[in-house]
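Work through the following exercises with the sequence and the coordinates open. Each task is followed by a solution in steps.

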Amino acid sequence: MHALRFILIAISIAMFAALGWRAVNPPRPPGRIVTPEPVIPEIAAPEPEPPPPSSFETPAKARGAVEDRIAQDGDFEPFFSSLRDNFASDYTKILDGFAKVAFEKRQVESVDYYLSESIRGLRQARGLLAAQAESSLLDRIFVMQAAVIEALAATDARLCADFIYGGASEAFFAFSETHRPLIAEMALANLAAIIDGASSKIARLTPGEAEFQELEDALVAMGLGRDEIDALIDGKAPDPPLPDARMCAAGVSYLKALAGLPEGTRIRIEALVAELMART
């Protein structure tokens, strides 16, 4: 059995985590898919002059400005409302963090940034619950991941490959701005699974070699080569690295192959991925 399969350095981890990172053009490893630690933006020290706008006179007013920015976007507002209604303490902690940065920098960020950072915070605090959700909700996470990567593939192969490798750049936030309904659905899918997992608490067996072999066989059937399969399942670095378009296409194939597996195998692998996403 390949030990790295239980680490599961796979694109589905990178794709979810990418929404929670603010790394601008992170360096790529030589062909290996990795999940680096989240990079939290440095807080800029406030300038003594000019005086801050009235909306940022206090952290409380800065928080109001942040909430106004979020409320202005109808696509992302349902995510934040659901987060507030179901995990009030997490919502308060996340929004207070945004307010602190806004007060010290004297500006609010884009709603795309606020969504990505909220997902990161929620993933770190409660992401393990997603692995315990009902099967349909767990499936939905990966259905939406597939939809996002297909949209990325149609937009820019380089951006798509960066996403697979686990990097969230300014280009990704620009993509989010023009695809907000899609990104909102993906965020809500993850939140729904976490909410359900808190009550369902479904325990699932860890997938073994037989399940991973089913996934590998499905990838072979879709035409993927050895280098692509080794990169997606075992985390092996192809030499030379795969071209962006090929890596992007392999990522799409991976998620389609996962979706086509028998339910028992598929759910066990998805649950393991969801658990590992929460630990990265």
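**Exercise 1. Glutamate 109**

Task: Decide whether glutamate 109 is buried or exposed, then place it in the chain and find the partner of its side chain.

Solution. Step 1: glutamate 109 has a relative accessibility of 13% and therefore counts as buried; buried means under 20% relative accessible area, exposed over 50%, and partly exposed in between (1.4 Å probe, protein chains only). The model is a predicted one, in which local features need pLDDT of at least 70 and side-chain atom pairs count only at pLDDT 80 or more, while totals for chains, interfaces and linings use all residues. Residues are numbered from 1 along each chain as its sequence is written, and side-chain values use heavy atoms, with hydrogens and water left out.

Step 2: glutamate 109 lies in the loop between α5 (88-105) and α6 (111-126). Helices (H or I, at least four residues) and strands (E, at least two) are DSSP runs, numbered from the N terminus.

Step 3: the side chain of lysine 105 makes a polar contact with that of glutamate 109, at 2.9 Å. A polar contact is a pair of N or O atoms within 3.5 Å; within protein, one must be able to donate a hydrogen and the other to accept it, and residues adjacent in sequence count only if both atoms are side-chain atoms.

**Exercise 2. Confidence**

Task: Which element has the lowest mean pLDDT, and which the highest?

Solution. Step 1: pLDDT is the predictor's confidence in each residue, from 0 to 100. The chain average is 80, and 77% of the residues score at least 70.

Step 2: helix α1 (residues 4-7) has the lowest mean, 37, and helix α4 (residues 77-86) the highest, 96.

Step 3: over residues 1-16 pLDDT stays under 50, and the model has 68 contacts beyond four places in sequence for them. Over residues 20-52 pLDDT also stays under 50, with 83 such contacts. Contact means heavy atoms within 4.5 Å. Where pLDDT is low, the predicted coordinates should not be read in detail.

**Exercise 3. The disulfide**

Task: How many disulfides does a search of the whole structure find? Give the handedness and the burial of the cysteines.

Solution. Step 1: with a disulfide taken as a pair of cysteine sulfur atoms within 2.5 Å, the search finds 1. Cysteine 160 and cysteine 248 form this disulfide, with their sulfur atoms 1.9 Å apart.

Step 2: the two cysteines link distant parts of the chain, 88 residues apart: cysteine 160 is in helix α8 (residues 157-164) and cysteine 248 in helix α13 (residues 244-259).

Step 3: the torsion about the S-S bond of cysteine 160 and cysteine 248 is about 90°, so the disulfide is right-handed.

Step 4: cysteine 160 is buried at 0% relative accessibility, and cysteine 248 is buried at 3%.

**Exercise 4. Salt bridges between helices**

Task: How many salt bridges are there? Describe the pair of aspartate 90 and arginine 126, then that of glutamate 185 and arginine 140.

Solution. Step 1: the count is 17 salt bridges, where a salt bridge is a side-chain nitrogen of Lys or Arg within 4 Å of a carboxyl oxygen of Asp or Glu.

Step 2: the closest N and O atoms of aspartate 90 and arginine 126 are 2.7 Å apart. This pair links helix α5, which holds aspartate 90, to helix α6, which holds arginine 126, across 36 residues. Aspartate 90 is buried at 11%, whereas arginine 126 is partly exposed at 27%.

Step 3: for glutamate 185 and arginine 140, the closest N and O atoms are 2.9 Å apart. Glutamate 185 is in helix α10 (residues 180-200) and arginine 140 in helix α7 (residues 135-155), 45 residues apart. Glutamate 185 is partly exposed at 38%, and arginine 140 is partly exposed at 35%.

**Exercise 5. Two buried residues**

Task: Which residues beyond four places in sequence are in contact with isoleucine 269, and which with serine 253?

Solution. Step 1: isoleucine 269 is in helix α14 (residues 263-279) and is buried at 0% relative accessibility. Its contacts are Pro207, Glu211, Leu215, Leu258 and Leu261. Leucine 258 is 11 residues from isoleucine 269 in sequence and 8.4 Å away in space, C-alpha to C-alpha.

Step 2: serine 253 is in helix α13 and is buried at 13% relative accessibility. Serine 253 touches Leu219, Met222 and Leu224.
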